[in-house]
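Thank you all for coming. I would like to take a few minutes to walk through one model, beginning with the fold as a whole and then moving to a few local details.

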Amino acid sequence: NVIWPATRHRLADLGYKLGGPLGEPGGYGAVFAVMDGTNRPLVVKVPKNPEDRESRKRHRRECQVLSAGAIPTDLVPYFVHAEGFEAPDEAPAPSRERGDVQPFLVMSRTSRRAIFPR
């Protein structure tokens with residue numbers, strides 16, 4: 001249950017079909033398979049604990065690094081949802097209990113590697 005209910009609803013509202021987890025959660029986040037409305041395989045990454053300021057800062061840093069193309073990877077940013085993302089030190093933390101949407105990053109793959117098995 002790493003992805004909060006409000007986040008699941010927001011992804012669905014944006015036309016993403018949530019799949020299963022891709023491996024075990026990492027140091028600060030978890031990655032899940034998603035498909036968009038054109039059945040394009042994508043991934044979504046969410047911080048495991050978005051209520052923690054450090055987790056939000058790490059998520060923000062990762063989004064910035066991936067957007068800059070500074071590291072070689074087959075994951076490229078596609079869509080970022082992050083209310084309060086611009087200033088994690090000042091913005092109120094999202095809360096599962098309030099029904100907030102946690103920060104998330106949708107990434108496309110430039111390789112043809114399949115995310116959803118047939």
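Let me begin with arginine 98, which counts as exposed because its relative accessibility is 55%, and I should say straight away that what you are looking at is a predicted model. Arginine 98 forms a salt bridge with aspartate 100, and the closest N and O atoms of that pair are 2.7 Å apart. Its partner, aspartate 100, is partly exposed, with a relative accessible area of 21%.

How many salt bridges does the structure hold? There are 2, and the other pairs the side chains of aspartate 36 and arginine 40, with an N to O distance of 2.7 Å. In this pair aspartate 36 counts as buried, at 9% relative accessibility, whereas arginine 40, at 34%, counts as partly exposed.

Let me step back to the overall fold. The protein chain has 2 helices and 5 strands, and if you follow the sequence from its start you will read the pattern α-β-β-β-α-β-β. Of the 118 residues in the chain, 38% are buried, and the chain exposes about 6,900 Å², of which carbon and sulfur atoms supply 49%. If we take the contacts with a separation of 6 or more, 62% of them are between residues 24 or more positions apart.

Now to the interior. The largest nonpolar core has 14 residues, and those with the most contacts inside it are Phe32, Val44, Phe104 and Val106. The elements that give two or more residues to this core are helix H1, residues 5-13, together with strands E2 (29-35), E3 (41-47) and E5 (104-109). Apart from this core lies another, of 5 residues, and among them are Val43, Cys63, Leu105 and Met107.

Which of these elements deserve a second look? I would pick E3, where 6 of the 7 residues are buried, so this strand is largely enclosed by the rest of the structure. E3 runs antiparallel to E2, and 7 bridges join the two strands. Within that pairing, alanine 33 stands opposite valine 43 of E3, and valine 43 is one of the residues of the 5-residue core. The hairpin of E2 and E3 has 5 residues between the strands, and there asparagine 39 takes a positive phi near 60 degrees.

Turning to H1, which residues of this helix are buried? They are Ala6, Thr7 and Leu11, and when you look down the axis of H1 these buried residues fall within an arc of 140 degrees, so they line one face of the helix. As a reminder, an α-helix has 3.6 residues a turn, so residues three or four places apart point the same way. On the face of H1 turned away from the buried side you will find the exposed residues His9 and Asp13, and just after the helix, glycine 15 takes a positive phi of about 90 degrees.

In the segment before H1 we have asparagine 1, which is exposed, with a relative accessible area of 78%. The C-alpha atoms of asparagine 1 and lysine 48 are separated by 9.4 Å, although these residues are 47 residues apart along the chain.

Finally, I would draw your attention to two loops. Glutamate 51 is found in the loop between E3 and helix H2, the helix that spans 53-68, and this glutamate is partly exposed, with a relative accessible area of 38%. Leaving aside neighbours within four places in sequence, glutamate 51 is in contact with Trp4, Arg56, Ala93, Pro94, Ser95, Arg96 and Glu97. For serine 95, which is 44 residues away along the chain, the C-alpha separation from glutamate 51 is 6.3 Å.

Alanine 93, for its part, is found in the loop between strand E4 (75-81) and E5, and is partly exposed at a relative accessible area of 26%. Not counting residues up to four places away in sequence, alanine 93 touches Pro50, Glu51, Arg56, Arg98 and Asp100, and this returns us to where we started, since Arg98 and Asp100 form a salt bridge. The C-alpha atoms of alanine 93 and arginine 56, which are 37 residues apart along the chain, are separated by 8.6 Å.

How values were computed:
Residues numbered from 1 in each chain as written. Predicted model: local features only at pLDDT ≥ 70, side-chain atom pairs only at ≥ 80, totals over all residues. Heavy atoms only, no water. Helix = DSSP H or I, 4+ residues; strand = E, 2+ residues; numbered from the N terminus. Buried < 20%, exposed > 50% of the residue type's maximum accessible area, 1.4 Å probe, protein only. Contact = heavy atoms within 4.5 Å. Areas by Shrake-Rupley, 256 points an atom, 1.4 Å probe, with all protein chains shown as cover. Core = buried A, V, L, I, M, F, W, Y, C linked by side-chain atoms within 4.5 Å. Pairing = 2+ DSSP bridges. Salt bridge = Lys/Arg side-chain N within 4 Å of Asp/Glu carboxyl O. Arc of directions from axis to C-beta.
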